[in-house]
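Q: Could you take me through one part of this protein up close? I'd like a good look at the place where its two domains meet.

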Amino acid sequence: MKNPSKFSVLSAAAACLAVSLTACGSSSPGKSDVNGATGSEAVTLTVGTFNEFGYEALFKEYEAQNPNVTIQHKKAATTNEARDNLTTRLAAGSGLSDIEAVEVDWLPELLQYPDRFADLADPAVEGRWLDWKAQAATTADGKLLGYGTDSGPEAVCYNSELLRKAGLPTERGEVAKMLGTSWDSYFDAGKKFKAANPGSAWFDSAGAIYQGMSNQLEKVYEEEDGSVIATENQQVKDTYKQVLKASTEDGLSAHLKQWSDDWASGFQTGAFATTLCPGWMLGVIEGNAAGVTGWDVANVFPGGGGNWGGSYLTVPTQGAHQAEAKKLAAWLTAPEQQIKAFTAKGTFPSQKEALESSELLGQTSKFFDGAPTGEIFAERAKAVDVTPFKGTKYFAINDAMQQALARVDVDKSDDAASSWDKFVTAVKSL
């Protein structure tokens, strides 16, 4: 028996979740006080996250302030792994952490089951986040199901050593000018790089480039009424073709699947010169490129501005310590803590007060050659003028799209046309 594809696993998990949660009722209503007293009784809180949230030092700080609290951190390697775990255990009715991190792309699925999560609305946190950030986690009847952690304004990170070898500019401002403000100018710069340095690629992954481009579209896969437009959306088709042309015909891609071991090691081997870089990617790059010099970040993004990712902390109602979990989630997502998380891993704040903080704006990164990362990502955040609509099927459809791109860019098992046809079939099967 063949192993099911990742898309099949995701679809099955989503179906199981829908059936299980529709059939069962709520546990407790989950309304709790954000300032609930810890008391003296010992409590262990589990926190499930993924990738890099920058919370390790914060957990220790919270435990020091609350000696009766012990925090157990469960960190998934990828968002897909975290989502699979959450949907499976949510449907089972047990096994979730007291706090579960949720990525914005699969948040809409969970909003269908508000009774599975504590209502986190509280006067103490009202107005804490950017309006769009809070609204995305709010149900139609006003329940707040997640506290916003970071947002993902995008810049471009680059390996200055590879640019230098190709005879191209390396200083941040000059690199920004070279990359330009359009996707055409970004790809044109890549062609110049490739001509001078044929042994290395311009970007890491067609899937990553597509993600950056599609995040600039107002509607990608669904209308607000739930109808699926993914396979007819001309903007999606054009983006798919443009990315794969750059990858295959122009030879600009390193043909790596983002988050794979090969992709991670590519930072060590100089496999590519640039990668799209939301704030939270800084920590990922620093970890993967440990010991490598030359990585930097330019205050520019093709197409203007873009936001990729950003997460929330939720409190599942199946947990035994909801009041304590809510208190910890509120503390972790307070402006002061989010600035510390940005310092640790580059997770750019979504809290209004943090965005105006001189402490944030003064942040620099030693690893990225002293880049003024606070200032850069604050400006990148201001450049974001589109927040794509993401419906309940967004994650599954986007996963099918990423597989379509990988078949051409990474696996080389299909050409663009045949892989698109498989994408259409996958979308119809949802």
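A: Sure. Across the boundary, 21 residues of domain 1 are in contact with 22 residues of domain 2. Keep in mind that this is a predicted model. To get your bearings, domain 1 is made of 43-151 + 310-361, while domain 2 takes in 152-307 + 373-429. Going by C-alpha atoms, the centres of domain 1 and domain 2 sit 27 Å apart.

Now for the surface they share. Domain 1 and domain 2 bury about 1800 Å² between them, and carbon and sulfur atoms supply 63% of that area. On the domain 1 side, the residues that lose the most area to domain 2 are Asp105, Pro108 and Phe348, which together make up 28% of what that side buries.

Asp105 is worth a second look, as its side chain also pairs with that of Lys390 in a salt bridge, at 2.5 Å from N to O. Across the interface of domain 1 and domain 2, one salt bridge turns up, and three residue pairs are in polar contact there.

As for which helices take part, four of them each bring at least two residues to the side of domain 1 that touches domain 2: α3 (79-92), α4 (107-110), α14 (335-345) and α16 (358-361). If you sort the residues on that side of domain 1 by character, you get seven nonpolar, eight polar and six charged.

Key
Residues are numbered from 1 along each chain as its sequence is written. This is a predicted model: local features need pLDDT of at least 70, side-chain atom pairs count only at pLDDT 80 or more; totals for chains, interfaces and linings use all residues. Side-chain values use heavy atoms; hydrogens and water are left out. Domain bounds come from an automatic or database domain assignment. Contact means heavy atoms within 4.5 Å. Buried area is the accessible area (1.4 Å probe) that two parts lose on being put together, summed over both. A salt bridge is a side-chain nitrogen of Lys or Arg within 4 Å of a carboxyl oxygen of Asp or Glu. A polar contact is a pair of N or O atoms within 3.5 Å; within protein, one must be able to donate a hydrogen and the other to accept it, and residues adjacent in sequence count only if both atoms are side-chain atoms. Helices (H or I, at least four residues) and strands (E, at least two) are DSSP runs, numbered from the N terminus. Ala, Val, Leu, Ile, Met, Phe, Trp, Tyr, Cys and Pro count as nonpolar, Asp, Glu, Lys and Arg as charged, and the others, Gly among them, as polar.
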